[in-house]
Amino acid sequence: MKGIKQYTIDEALDLIEAKSLQIGVKPVLVAACGMPDFGKTFFQSKAMEKLPNTGITASHDAEQAYRYADHFDYLFIHAVASPQEVCEQTRRYLGRDTDINVFIYNPNLFSPDLETITGEYDIVILNPDSKVK
């Protein structure tokens, strides 16, 4: 896992905010991927606190949120699926891919081979404090 920058949730949100200025289209589509209990929902709730006009949804329940996507500056889509699967949805409903793909994990529950996922994700969040529900 050396060489792969891992961020806290707050650092990741700062990075997303900075990247959104370069993206130039609204809403900024953020796929938050990870296994159950790794903190995806918590990450989304922190995004709603920090980033203005943020919408959140789950990939399995996103069709309704996509209908109102243009009302948001940011739309966070959390998924156990891969970012490619989330992109298939956003392409189908919004005509474009996600802008930022985030992988979130708890090293106490799972240790991914980060070298293999580096190309798929723009941001990797290390979340050792997530709790099993």
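A residue is called buried when its relative accessible area is under 20%, exposed when that area is over 50%, and partly exposed in between, using a 1.4 Å probe and protein chains only. The structure on display is a predicted model, in which local features need pLDDT of at least 70, side-chain atom pairs count only at pLDDT 80 or more, and totals for chains, interfaces and linings use all residues. Residues are numbered from 1 along each chain as its sequence is written, and side-chain values use heavy atoms, with hydrogens and water left out.

**Stop 1: strand β4**

Select residues 74–79, which form strand β4. Helices (H or I, at least four residues) and strands (E, at least two) are DSSP runs, numbered from the N terminus. Why is β4 largely enclosed by the rest of the structure? The reason is that 6 of the 6 residues of this strand are buried.

Display the side chains next. In a regular strand the side chains alternate between the two faces of the sheet. Here Y74, F76 and H78 point one way from β4, while L75, I77 and A79 point the other way.

**Stop 2: the neighbouring strands**

Two strands pair if DSSP finds at least two bridges between them. Add residues 28–33, strand β2, which runs parallel to β4 and is joined to it by 6 bridges. To see one of these partners, select V28, whose bridge partner in β4 is Y74. Then add residues 54–58, strand β3, which pairs with β4 in the parallel sense over 5 bridges. Here G55 has L75 as its bridge partner in β4.

**Stop 3: aromatic rings**

Rings of Phe, Tyr and Trp (its six-membered ring) pair if their centres lie within 6.5 Å; planes under 30 degrees apart count as stacked, over 60 as edge-to-face and the rest as tilted. How many aromatic pairs does a search of the whole structure find? The search finds 5.

Select F43 and F76: their ring centres are 5.5 Å apart and their planes stand at 70°, so this pair is edge-to-face. The pair links distant parts of the chain, with F43 in helix α2 (residues 40–50) and F76 in strand β4, 33 residues apart. F43 is buried, with a relative accessible area of 0%, and F76 is buried with a value of 0%.

Move to F103 and Y105, whose ring centres are 5.8 Å apart with planes at 25°, so the pair is stacked. Both F103 and Y105 are buried. Add Y121 to show one aromatic cluster formed by F103, Y105 and Y121.
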